[in-house]
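Trainee: Before we go through this model, I'd like to see it. Please put it on the screen.
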Amino acid sequence: MCKPNGVCVSQGGRFPPFKSEGNPPKRGPKDLTLCRVFRKKTCCDVTHTHPALLSVRKLASGGEASQECLHLWELLECAICDPRVGTQPGPPLICASLCERIYDACSNAYFSMDVKTQVFG
């Protein structure tokens, strides 16, 4: 869990740096394309949410994913925008119980990875 006064820390890996690096999470811009549940307090902007949107759309259109799978996949893709996650160094930590739920819901879906962006969908 982050400190109440934590500041945005870029996660690295496939995630673009936060423009708000070093500042506390704040109200997100109006152009967030996904992850709007965190729009009142986030480190994210459209550079983080648009790749997540593309991943969910790709899974919805060609991955034969169930609604439960799509919902959980969106939660996973949006984890970076959670203000408690965005204030921690390194890649987001995901609870084992969520991973198990995603596996159960998405085990029959088709996934592929964009080698350039490292985005699953």
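Mentor: Helices (H or I, at least four residues) and strands (E, at least two) are DSSP runs, numbered from the N terminus. The expected span of a helix is 1.5 Å times one less than its number of residues. This is a predicted model, where local features need pLDDT of at least 70, side-chain atom pairs count only at pLDDT 80 or more, and totals for chains, interfaces and linings use all residues. Residues are numbered from 1 along each chain as its sequence is written, and side-chain values use heavy atoms, with hydrogens and water left out.

Trainee: What should the 17 residues of helix 1 span?
Mentor: Helix 1 covers residues 46–62. The rise is 1.5 Å a residue. Its end C-alpha atoms are 24 Å apart, which agrees with the expected 24 Å.

Trainee: How wide is the arc that holds the buried residues of helix 1?
Mentor: Buried means under 20% relative accessible area, exposed over 50%, partly exposed in between (1.4 Å probe, protein chains only). H48, T49, A52, L53, S55, V56 and L59 are buried in helix 1. Seen down the axis, by the directions from the axis to the C-beta atoms, they line one face of the helix, because they fall within an arc of 165°.

Trainee: Which residues are exposed on the other side of helix 1?
Mentor: We now leave the buried face. The exposed residues on the other side of helix 1 are R57, S61 and G62.

Trainee: How far apart in space are Y110 and L59, C-alpha to C-alpha?
Mentor: Y110 is in the loop between helix 3 (96–106) and strand 1 (113–114). Y110 is exposed, with a relative accessible area of 52%. Y110 and L59 are 51 residues apart in sequence, and their C-alpha atoms are separated by 7.4 Å.
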